[in-house]
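Subject: The structure we talked about

Hi there,

Here is the structure I promised to pass on to you. Have a look at it first, and then read on for what I found.

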Amino acid sequence: MDKNVFYFPIWGEAYIKLFNNFGLNCLYRNLIRMNKDNLKNSKIEIWTFKQDIKKIKSLPQIKKLVKKIEINYESIDELHKNLSNFNLNKYQFLSVLQKIFINSHSSKFQFLWFIYPDFVFSDNLVKNFFKLKKKYKAYFIPVPQLIEEKVIKEFNKKNFKPTTKNITKMFFDYLHPIVKICDVNESKTNTPSLFLSSDKNSIIFKYYHMHPLIIKSDIENYNMNNKFYSSLDEGLVGELDEKKIFIAKSNYFGICASLLKEKEYKLPNERFNFKRSLEWCKNHVNKTHV
């Protein structure tokens with residue numbers, strides 16, 4: 001049976017709340033229906049501050065999942081203290097945590113999962129991955145942003161379930177403006193990490209930077225195990241053979257989104273400029289992305 005490890009770096013009350021309501025909620029719905037024997041070689045890794053371990057252990061869905069799959073907790077206090085003089089932002093700190101995780105778990109597990117606390121994903125995603133023939137080095141899925149405030153209201157409705165059908169509907173209703181500006185018919189951005197085209201029946205995404213949801217461990221890949229990346233979706237991709245990457249082609253494999261507050265970023269008000277976009281691509285897009 002394949003050895004899978006689901007990795008969650010979580011720190012602070014806000015992330016714990018997001019994790020409980022969304023990432024953990026969706027993972028619970030995926031794993032609770034699976035045969036326990038399918039999960040006996042797998043594990044959930046939660047890396048957090050020591051003071052938060054007790055809070056996370058007390059979450060109702062954690063208490064149920066621990067009967068189904070092993071859950072391990074690691075304190076990040078000492079690492080956070082040692083890195084405090086480097087003035088790292090949250091993305092840089094996350095990158096350090098991910099690199100340590102990859103190095104420490106590549107020899108123990110075959111597949112490393114990267115699910116963030118604010119991810120919303122369908123309840124068939126893990127099961128569908130388990131069904132695949134494992135011939136790829138990495139498994140990518142689009143993760144566009146949805147408007148956080150509106151998704152929270154949806155989740156708070158009585159009897160709402162994060163199924164493929166319900167999450168698909170949220171893509172049509174709550175797609176974040178920062179994604180909508182990448183519409184190919186009226187692009188308003190010159191940093192095109194993705195393009196989209198949509199009508200009332202479908203949304204088609206074409207990504208440069210797509211999230212590596214699952215990475216197959218490869219201790220012989222020196223670059224993957226030693227380089228630090230500002231983000232997995234941009235940096236790690238360049239170390240992978242594009243022929244050995246699985247890309248989710250439709251929401252039938254699974255559907256995934258992340259959350260972003262509606263006014264979190266000031267949107268650019270610019271016309272598409274080919275020269276400026278090309279310059280961005282030179283700096284942020286490699287041959288594997290293309």
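Below is what I found, from the whole chain down to single residues.

One thing to keep in mind from the start: this is a predicted model.

**The chain as a whole**

The protein chain contains 12 helices and 12 strands. Along the principal axes, its C-alpha atoms fill a box of roughly 50 × 50 × 45 Å. For 290 residues, a compact globule would be expected to have a radius of gyration near 19 Å, and the protein chain agrees with that, at 19 Å. Of the 290 residues, 50% are buried. I also looked at contacts in the protein chain with a separation of 6 or more: 79% of them are between residues 24 or more positions apart.

**Two partners of helix 1**

As a general point, a pair of packed helices is described by the angle between the axes and the distance between them. Helix 1 gives you two cases to look at.

Start with helix 1 (residues 13-31) and helix 2 (residues 50-57), whose axes come within 11 Å and cross at roughly 25°. An angle under 35 degrees counts as roughly parallel, and helix 1 and helix 2 are therefore roughly parallel to each other. The crossing of helix 1 past helix 2 is right-handed. On the helix 1 side the contact is made by Glu13, Ile16 and Phe19, and on the helix 2 side by Asp52, Lys55 and Ile56. Sorted by class, this contact of helix 1 with helix 2 has 3 nonpolar and 3 charged residues, and no polar ones.

Now for helix 7 (148-156). The axes of helix 1 and helix 7 come within 12 Å, with a crossing angle of roughly 75°. That makes helix 1 roughly perpendicular to helix 7. If you want to find the contact on screen, look for Leu18, Asn21, Phe22 and Asn25 in helix 1, which meet Glu148, Val151, Ile152 and Phe155 in helix 7. By class, the contact of helix 1 with helix 7 has 5 nonpolar, 2 polar and 1 charged residues.

**Three buried residues**

Tyr73 lies in strand 3 (residues 70-75). With a relative accessibility of 15%, Tyr73 counts as buried, the cut-off being under 20%. Leaving out residues up to four places away in sequence, Tyr73 touches Ile46, Ile53, Ile56, Lys57 and Ile62. Ile56 may look familiar, as one of the helix 2 residues in the contact with helix 1. Tyr73 and Lys54 are 19 residues apart along the chain, and their C-alpha atoms are separated by 10.0 Å.

Tyr174 belongs to helix 8, and is buried with a relative accessible area of 15%. Beyond its neighbours within four places in sequence, Tyr174 is in contact with Leu146, Ile147, Lys150, Val151 and Glu154. Here Val151 turns up again, having been among the helix 7 residues that meet helix 1. From Tyr174 to Gln145 the distance is 8.8 Å, C-alpha to C-alpha, with their positions 29 residues apart in sequence.

Ser277 is in helix 12 (residues 274-284). Its relative accessible area is 4%, so Ser277 is buried. Neighbours within four places in sequence aside, Ser277 is in contact with Thr189, Asn190, Pro192 and Phe272.

**Three asparagines**

Which sign does phi usually have? Most residues other than glycine have a negative phi. With that in mind, have a look at Asn87 and Asn159.

Asn87 has a positive phi, near 50°. You will find Asn87 in the loop between helix 4 (77-83) and helix 5 (90-105), where it is exposed, with a relative accessible area of 67%.

Asn159 also has a positive phi, near 70°. Its place is in the loop between helix 7 (148-156) and helix 8 (164-174). Asn159 is exposed, with a relative accessible area of 65%.

Last comes Asn286, in the segment after helix 12. At a relative accessible area of 23%, Asn286 is partly exposed. Asn286 and Leu65 are 221 residues apart in sequence, and 39 Å apart in space from C-alpha to C-alpha.

Happy browsing, and do write back if you would like to go through any of this together.

Best wishes

Methods. Residues numbered from 1 in each chain as written. Predicted model: local features only at pLDDT ≥ 70, side-chain atom pairs only at ≥ 80, totals over all residues. Heavy atoms only, no water. Axes fitted to C-alpha atoms, helices over the stretch in contact; angles between N-to-C directions. Helix = DSSP H or I, 4+ residues; strand = E, 2+ residues; numbered from the N terminus. Parallel < 35°, antiparallel > 145°, perpendicular 65-115°, else oblique. Left-handed = near helix turned anticlockwise from the far one by under 90°. Contact = heavy atoms within 4.5 Å. Nonpolar A, V, L, I, M, F, W, Y, C, P; charged D, E, K, R; others polar. Rg over C-alpha atoms; globule rule 2.2 N^0.38 Å. Buried < 20%, exposed > 50% of the residue type's maximum accessible area, 1.4 Å probe, protein only.
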